[in-house]
Amino acid sequence: MDWLWDVLRALVGTIIIFSAVAFIAVMFGVLLERKISAWMQSRLGPKHVGPQGLLQTVADTIKLLQKENIVPNRADRLIFASAVVVVPLAALLDYVVIPFGVTRSGPLIFRDLNIGVLYFAATSSLVVIGILMAGWGSNNKYALLGGLRSAAQMVTYEIPIGLALVTVALMAGSLSTVTIVNGQARLWYIVAQPVAFLIFLIAAIAEVNRVPFDLVEAESELVAGYFSEYSGMRFALFQLGEYGEMFAMAAMAVTLFLGGWRGPVLPPVLWFVIKLYALIFVFMWVRWTYPRFRIDQMLNFSWKILIPVSVLNLVVTAFFVVVAHR
Amino acid sequence: MLLDWGYVAIFALVGAGMVTLPLLIIWLISPRSDYPQKFETYESGVPTIGQAWSQFHVRYYLFSLVFVVFDVEIIYLYPWAVVARSLGTLAFWEMLVFLVILVLGLAYAWRRGALEWT
Amino acid sequence: MTGEAIVFYLLAAVTLGAGVVVVTSGNIVHSAAALVPAFLGVTGLYILLNAEFVAGIQVLIYAGAITVLILFAIMLTEGGTGLGGRQRNEQAAVGAAVAAAMAALLIVVAVRTGWPAGSGTLPPYTPGAIGQSFLGQNILVFEGTSIVLLVSLMGAIMIARRED
């Protein structure tokens, strides 16, 4: 009955990760975003539902559940409906390889795959397909423009992310995320690789379509971009995808550069959460500080600055790791 | 190793189910509207003219082409990154040649204006 | 039937089913979108063969990049994408005959070939082993790949930028 035990473990793990992402990351993340933006703009933010407005997003979700189920007449129903599943699922698949902490019986991770970081790059690249499907399936000019821009942006910034992943893999000599965290026992990779960390962070912000790279859902010109036509629970699922991807990117940055669960005194999981939310705060800080890029600036920034710099960084790292080290 | 991927398969299948669940719920409980304007395409309240599905500029295609080439390049870097340390100096020079050839490609794309959003 | 065989047939069914949608769908974007499950089915087959690195590449390059490329290519064609296109023309019968002949040939060859059974264990297709072979005996192929990539990039830019 060994396999039954494995199936049960996988089921429990899946349900825990999905619920944790939905409640802790997305619901609390949206609330945090509203509170932080309010704080930065000298407002109060949500305050009435629950203590200090803590239950605001719960109330919002219940509200969205009761909304009318609207599929536009002119939309392509099949593509329109499946895009809603693809985006959050692709974002949540990222969490398989993220080590959340460590216990006496081993690291706390859904599955420590041999090709860990490659798996992460692969699953996050699937989000692009979902976004293109949403934009095209809506048969709405704003949505299609937003979807196309988003796809162009996300594929452009996948390259610097990939190069940063390779740089870290080179440092650790492995693609497995647990090995990468273990490799940071003495020194976090952010110290040795500040450039790669910055590149990863910038590209991650672009990858999740947040300000200053949010021209794909620029409210002033594209309504809401690729999900303009999605309302009610479908809208909530896109939020799940977007915030889920943001937390996945931040968690990956913690794993790759900030030593993962490592830290003194406090339990490992708590360290992981602290670092994760510190990075999430940086994401939000950036969002409420910078204005939006133009599309040509955004693409130029990746192709003409980030990619050459990350290639150079990779070569320098390789020189020190492979040649000078011996 | 197959066990690893069995886990991933369960994650994907159960996850797809959990993502579809809210859609089932709204299909069951959400009110239906019989107000035809609500099912119009939302384009700032103006009646929609024509289809959104029209011809798009070639620049999107160009960017995705350059992207695919670089994506393939990075794929080759992963196995190299894993073994580079153990193989030593030779691995560094071999990779440098590989990278230089690709940087030439980037420089060419840059020169020819394939990276301009015009 | 072992569990592995069941999984194999399931994956094959997904791949083939999606493939049938790709070639029969009247809408070209539906065809392109159906490529994704087809690619993912192939990914599963790679995993069954213990080639997880190749499986990762399959998702990253094919499902994640090539599909986007194809969608962009479709969207730059004249006449719009949402209209139902014809998937058949006058030559349907001839095409079917050629395809059937080709399939028969492939099946005959596959059945007649005496597939020699291996020693029982698959070689480890880990990233490390692949890297070793890239930088060792297959170094020329490896460096050649970068030249192929360079040429394909230059060719694509030349064709796309011809008008100006």
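How many residues does the contact take from chain B, and how many from chain A? It takes 57 from chain B and 64 from chain A, where two residues are in contact if their C-beta atoms, placed from the backbone, lie within 7 Å.

Before going on, note that this is a predicted model: local features need pLDDT of at least 70, side-chain atom pairs count only at pLDDT 80 or more, and totals for chains, interfaces and linings use all residues. Residues are numbered from 1 along each chain as its sequence is written, while chains are lettered from A and ligands numbered from 1 in the order in which they are written.

As for confidence, pLDDT is the predictor's own score for each residue, from 0 to 100. Chain A averages 85, and 98% of its residues score at least 70. Helix α8 (residues 194–207) of chain A does best, at a mean of 90, and helix α9 (residues 219–222) of chain A has the lowest, at 69. Helices here are DSSP runs (H or I, at least four residues), numbered from the N terminus.

Now look at two helices in different chains: α4 (residues 116–137) of chain A and α3 (residues 52–75) of chain C. They pack at about 25 degrees with axes 8 Å apart; axes are lines fitted to C-alpha atoms over the stretch in contact, and angles run from 0 to 180 degrees between N-to-C directions. So α4(A) and α3(C) are roughly parallel, a label for angles under 35 degrees. Among the residues that meet are A:Leu118 and A:Ile129 from α4(A), and C:Gly56 and C:Leu71 from α3(C).

Key:
Angles under 35 degrees count as roughly parallel, over 145 as roughly antiparallel, 65 to 115 as roughly perpendicular and the rest as oblique.
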